[in-house]
Amino acid sequence: LIRITYIQYQWDMFVRNIQSLKTPSFGLKLNCNRQLFIRSEEEKRQKRKQLWSEIEKGYFSDFHEFRHNNGKRFEAPTHLLSKKEAIKFPLISGQSLLGDTISLPTATRGKVGLVLLSMRAIGMKMCDEYRIPFDELFSQNHMIVVYQLNIVDQMFFRMIKTLLHRNLKRLVEPTRQSHFICHSGKFSDSRRTLNIHNSIIGYAYLLDTEGSVRWNGHSHPTKTEINSLIKCTKDLIKKQ
């Protein structure tokens, strides 16, 4: 009798366990987990679709503007921006063509700095239009430093950044390679801060000794803009 009772007890426990698996709460839990998984996968697909859409839209929009006006939206200021007007140059780290890790604006602190920024080959050429006349006057001044910043912003270009780095090293003169920085990390916040509205063109930022942007230009510089850049640089030197 005792043995039969024990067997009956074991059977009852087995039946209860089976029934517990059929309860609505368990089914609901499974269903919720499945819905979360589906939702997670759907969100990933939507994000990938949105990212690709933004890349296409951004490129074609930039290219259309470039064809229309070379990406030139306004003339650079003819005077230094006041400290209240000036924005702080965002912290951007990268690797120089010689392999050193450099952070801007940290590397320019205590000096007047010209930072030239580009994301495409066309922009690099535009940056040279600011750099060459600037170097002709200030290359021997130890209180002035020039950095060129190349941004690798899209996923496709990040995948081949080693190849891009190698090609840049061939293009840039050896004397400039220690001050030519490649950045391939997150850039969206810095892009908004620096008002980079077109990824095709080049940008120039004149920084004071504290890392604030006191003058900026973009696209092909006019003769007036180059004169303004030189004048503003001399004004900053006098204020040191």
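The exercises below work through a predicted model of one protein chain, from its overall make-up to two residues and one pocket.

Residues are numbered from 1 along each chain as its sequence is written, and side-chain values use heavy atoms, with hydrogens and water left out. Because the model is predicted, local features need pLDDT of at least 70 and side-chain atom pairs count only at pLDDT 80 or more, whereas totals for chains, interfaces and linings use all residues.

**Exercise 1.** Determine how many helices and strands the protein chain has, and what share of its residues is buried.

Solution. Start with the secondary structure, which comes to 7 helices and 8 strands, taken as DSSP runs (helices H or I, at least four residues; strands E, at least two) numbered from the N terminus. Then turn to burial: of the 240 residues, 37% count as buried, that is, under 20% relative accessible area, with exposed over 50% and partly exposed in between (1.4 Å probe, protein chains only). Finally, take the contacts (heavy atoms within 4.5 Å): among those with a separation of 6 or more, 76% join residues 24 or more positions apart.

**Exercise 2.** Establish whether H218 is buried or exposed, and which residues it is in contact with.

Solution. First place H218 in strand β8, residues 212–218. Its relative accessibility is 2%, so H218 counts as buried. Next, leaving aside neighbours within four places in sequence, list its contacts, which include G71, K72, R73, F74 and Y130 as well as H197 and Y203. For R73 a distance can be added, since its backbone nitrogen lies 3.0 Å from a polar atom of the H218 side chain.

**Exercise 3.** Locate I144 and find which residues surround it as contacts.

Solution. I144 is found in strand β5, and with a relative accessible area of 10% it is buried. Beyond its neighbours within four places in sequence, I144 is in contact with V112, F134, F138, T233 and I237. As a last step, compare sequence and space: G113 is 31 residues from I144 along the chain, yet their C-alpha atoms are separated by 5.7 Å.

**Exercise 4.** Describe the second largest pocket by stating which residues lie nearest its centre and which elements contribute to its lining.

Solution. Begin with the lining of 21 residues, of which R120, A121, M124, N150 and L168 lie nearest the centre. The elements giving two or more residues to this lining are α3 (121–138), β5 (144–151) and α5 (161–171). Strand β5 is also where I144 is found.

Note on methods: Polar contact = N/O pair within 3.5 Å; in protein donor to acceptor, adjacent residues only side chain to side chain. 1 Å grid on protein atoms, 1.4 Å probe; cavity = no way out; pocket = protein on both sides within 12 Å on 5 of 7 lines; lining within 4 Å.
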